[in-house]
Amino acid sequence: QKIKRCIGYNMNDRVKGDPLTSRVIPQQGRAMRRRVQILSVAEKLLEELEFSEVTTRKIAEAADIPIGSVYRYFPNKFSIMAAIAADTIETVDKDLTELLGSFEDLSDWERTIDKTIDIVTNAYMSRKGYVNILRAMSHTPELQNLTATYKEHMVKSLTQNFIMYDIFPAGLKASSVAETVIVIYNAMEIKVFLCSDETLRKALIKEWKLLVKCYFRCYFSES
């Protein structure tokens with residue numbers, strides 16, 4: 001039971017008040033459909049154009065809606081990109097939660113790591129729009145806060161899970177291990193998702209799995 005949730009993370013309690021947050025998250029059917037439409041069109045444009053070429057006006061034109069309707073939900077292009085990233089991560093997180101809930105004890109922890117990385121890579125690589133956002137994060141000042149916010153949230157969530165399942169006691173050890181795991185995941189995600197060579201990408205995924213398992217083995221080999 002202890003390792004069930006320590007590898008995944010939950011986006012349901014995202015940090016509020018972020019400058020990239022949507023202006024309005026609608027609760028009514030029509031408004032919800034309009035927001036989904038905007039995000040869907042924006043993600044499709046990201047698959048066809050460079051990140052810098054996608055503008056709020058182009059999104060409005062492609063969606064065939066007034067630009068004012070876009071601004072009703074999103075203050076700028078970057079808040080749209082942040083919403084796409086958040087929705088993508090939350091979708092993957094649901095799959096991870098389902099997977100992790102199917103493992104009953106620590107004897108499955110290595111297979112759990114393999115499958116979590118497979119879920120992440122398969123889901124993200126199938127969404128080229130998200131990969132283009134990820135590519136832009138490293139050199140787009142407006143998205144730097146998004147990167148920092150997600151990293152901070154994932155470290156906090158992982159630390160809490162370590163403590164919840166008695167893997168590590170509350171304190172520096174739990175937080176430092178969580179920080180290390182998230183640094184590994186973030187670094188390897190970027191390398192894998194931005195790699196254009198399919199053979200090299202597969203090799204990187206294999207090394208990613210090995211790296212995480214070697215690190216956890218230091219703590220779980222005696223479990």
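The lining of the second largest pocket in this predicted model comprises eleven nonpolar, four polar and three charged residues. The volume of this pocket is about 340 Å³. Its lining numbers 18 residues, and those closest to the pocket centre are Leu134, Met137, Thr147, Asn186 and Ile190. Three helices each supply at least two lining residues: α6 (128–137), α7 (141–164) and α8 (172–193). The largest share of the lining comes from α7, which gives six residues.

The packing of α7 against α8 was examined next. Their axes come within 8 Å and cross at roughly 130 degrees. This angle makes α7 oblique to α8, since it lies outside the 65 to 115 range counted as roughly perpendicular and is not over 145. The crossing of α7 past α8 is right-handed. On the α7 side, the contact involves Lys151, Met154, Val155, Leu158, Thr159, Phe162 and Ile163. These meet Ala174, Ser175, Val177, Ala178, Glu179, Val181, Ile182, Val183 and Asn186 of α8. By class, eleven residues of this contact are nonpolar, three are polar and two are charged. Asn186 is thus named twice: in the contact with α7 and among the residues closest to the centre of the second largest pocket.

Helix α8 also packs against α5, which spans residues 109–125. Here the axes come within 11 Å, and the crossing angle is roughly 45 degrees. The two helices are therefore oblique to each other. The crossing of α5 past α8 is right-handed. From α5, the contact takes in Thr116, Ile117, Val120, Thr121, Tyr124 and Met125. Their partners in α8 are Tyr185, Glu189, Val192 and Phe193. Seven residues of the contact of α5 with α8 are nonpolar, two are polar and one is charged.

A further helix pair joins α6, one of the pocket-lining helices, to α1. Helix α1 covers residues 29–48 and packs on α6 at an angle of about 70 degrees. The axes of α1 and α6 are 7 Å apart. An angle from 65 to 115 degrees counts as roughly perpendicular, so α1 and α6 are roughly perpendicular to each other. Glu43, Leu46 and Glu47 form the α1 side of the contact. The α6 side consists of Lys128, Gly129, Tyr130, Asn132 and Ile133. Three nonpolar, two polar and three charged residues make up the contact of α1 with α6.

In summary, α8 is oblique both to α7 and to α5, whereas α1 and α6 are roughly perpendicular. Nonpolar residues number eleven in the contact of α7 with α8, seven in that of α5 with α8 and three in that of α1 with α6.

Technical notes: Residues are numbered from 1 along each chain as its sequence is written. This is a predicted model: local features need pLDDT of at least 70, side-chain atom pairs count only at pLDDT 80 or more; totals for chains, interfaces and linings use all residues. Side-chain values use heavy atoms; hydrogens and water are left out. On a 1 Å grid over the protein atoms alone, a cavity is a set of points where a 1.4 Å probe fits but cannot get out, and a pocket is an open set with protein on both sides within 12 Å along at least five of seven lines; lining residues have an atom within 4 Å of a point. Grid points are joined across faces, edges and corners, and a volume is the space filled by probe spheres set on the points. Helices (H or I, at least four residues) and strands (E, at least two) are DSSP runs, numbered from the N terminus. Ala, Val, Leu, Ile, Met, Phe, Trp, Tyr, Cys and Pro count as nonpolar, Asp, Glu, Lys and Arg as charged, and the others, Gly among them, as polar. Axes are lines fitted to C-alpha atoms, for helices over the stretch in contact, and angles run from 0 to 180 degrees between N-to-C directions. Angles under 35 degrees count as roughly parallel, over 145 as roughly antiparallel, 65 to 115 as roughly perpendicular and the rest as oblique. A crossing is left-handed if the near helix is turned anticlockwise from the far one by less than a right angle, and right-handed if clockwise. Contact means heavy atoms within 4.5 Å.
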